[in-house]
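Notebook open, coffee poured. I want to go through this chain contact by contact and write down what I find.

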Amino acid sequence: GTYATPVTAVTLQNGQATIFLKDTKAETIVLTVTDAQGLSGQSGPIVVKPKKPSRQAFSVQPQGARMGTPLAQQPQVVLLDEYDNQAEEAVPVTVSLAKNPGGAVLAGTTSVTANSGLAVFTDLAVSAAGDGFTLLASAAGFSAESAAFSVLPKDGGGNDDPPVANPLTVGKATIQLNFSRAGLDLIVLSGSLAVTEGWDPA
């Protein structure tokens, strides 16, 4: 860590010395002390804990998906103290839509309790398509906005699957049929072709 006042030497008084250190990093440290004769000793482990959270940030940014389906990458929000150490508090964190170009609703579990300063969301979904959505995370009087992401239409505009060519033989003639989506059924009736619902002649 970093120390406000680095200590290189102190004078013993009655065989004792007091050292004041300020560590700005949450960590476990061990102090080594060496006297003028070269004799040294070490302290036991000293645990430096983070301060109370003073801000938050998205440690994992959301990534879009299709409307109504869980985001491809669910966000995680970390609570930080003034020295950017991850805080230890169990604080409720709530997310909402900050920028909402599609007039959408944010579905899923929108409020979770941070575990050791980390809030993990697992099932967030956006109900409408659009570009430039952002999330706003709020906790303990402070907030943070995520990076922007996009949400695609649910059916992808009819182009979820690439066109599939399927040759059918009727009598001696072979007819090439192009499907707009995979999985369409064709039925032969008295030498003619009837196509079930969903056939796209284009």
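Before I look up any side chain, a note to self: I call a residue buried under 20% relative accessible area, exposed over 50%, and partly exposed in between. I also keep in mind that this is a predicted model.

**Entry 1: the overall count**

I started with secondary structure and got zero helices and 18 strands for the chain. The chain has 202 residues, and buried ones make up 25% of them. I then looked at contacts with a separation of 6 or more: residues 24 or more positions apart account for 46% of these. For the surface I noted about 12,600 Å² exposed, with carbon and sulfur atoms supplying 52% of it.

**Entry 2: salt bridges**

My search of the whole structure turned up five salt bridges. I wrote up three of the pairs.

I took E88 and K49 down first; their closest N and O atoms are 3.9 Å apart. That still counts, because the cut-off for a salt bridge is 4 Å. E88 sits in the loop between β6 and β7, K49 in the loop between β4 and β5, and the two are 39 residues apart. Is E88 buried, exposed or partly exposed? Its relative accessible area is 46%, so I put E88 down as partly exposed. K49 comes out at 56%, so K49 is exposed.

Next came D84 and R55, whose side chains meet at 2.6 Å, N to O. D84 is in the loop between β6 and β7 while R55 belongs to strand β5, so this salt bridge ties together parts 29 residues apart in sequence. Both ends are partly exposed: D84 has a relative accessible area of 47%, and R55 has 35%.

Then I looked at E145 and K99, a salt bridge with its closest N and O atoms 2.7 Å apart. Here I have a link from strand β13 (E145) to strand β7 (K99), 46 residues apart. E145 is partly exposed at 39%, and K99 is partly exposed at 45%.

**Entry 3: Q56**

I moved on to Q56, which lies in strand β5 (residues 55–60). With a relative accessible area of 4%, Q56 is buried. What does its side chain reach at 2.7 Å? I found the backbone oxygen of A137 there. I also noted the backbone oxygen of F142, 2.9 Å from a polar atom of the Q56 side chain. Leaving out residues up to four places away in sequence, I listed the residues Q56 touches, among them V77, L79, V93, S138 and A144.

**Entry 4: strand pairing around β7**

I checked which strands pair with β7 (residues 92–99). Strand β9 (residues 111–113) runs antiparallel to β7 and is joined to it by three bridges, with P92 opposite T113. Strand β12 is antiparallel to β7 too, through five bridges. One partner I wrote down is A137 in β12, which bridges to V95. That A137 is the residue whose backbone oxygen the Q56 side chain reaches.

**Entry 5: aromatic rings**

How many aromatic pairs does a search of the whole structure find? I got one. The ring centres of F133 and F149 are 6.0 Å apart and the planes make an angle of 25 degrees, so I logged the pair as stacked. F133 lies in β12 (residues 130–139) and F149 in β14 (residues 149–151), so the pair ties together parts 16 residues apart in sequence. Both F133 and F149 are buried.

Definitions and conventions. Residues are numbered from 1 along each chain as its sequence is written. This is a predicted model: local features need pLDDT of at least 70, side-chain atom pairs count only at pLDDT 80 or more; totals for chains, interfaces and linings use all residues. Side-chain values use heavy atoms; hydrogens and water are left out. Rings of Phe, Tyr and Trp (its six-membered ring) pair if their centres lie within 6.5 Å; planes under 30 degrees apart count as stacked, over 60 as edge-to-face and the rest as tilted. Helices (H or I, at least four residues) and strands (E, at least two) are DSSP runs, numbered from the N terminus. Buried means under 20% relative accessible area, exposed over 50%, partly exposed in between (1.4 Å probe, protein chains only). A polar contact is a pair of N or O atoms within 3.5 Å; within protein, one must be able to donate a hydrogen and the other to accept it, and residues adjacent in sequence count only if both atoms are side-chain atoms. Contact means heavy atoms within 4.5 Å. Two strands pair if DSSP finds at least two bridges between them. Accessible areas come from the Shrake-Rupley method with a 1.4 Å probe; for residues, only the protein chains shown count as cover.
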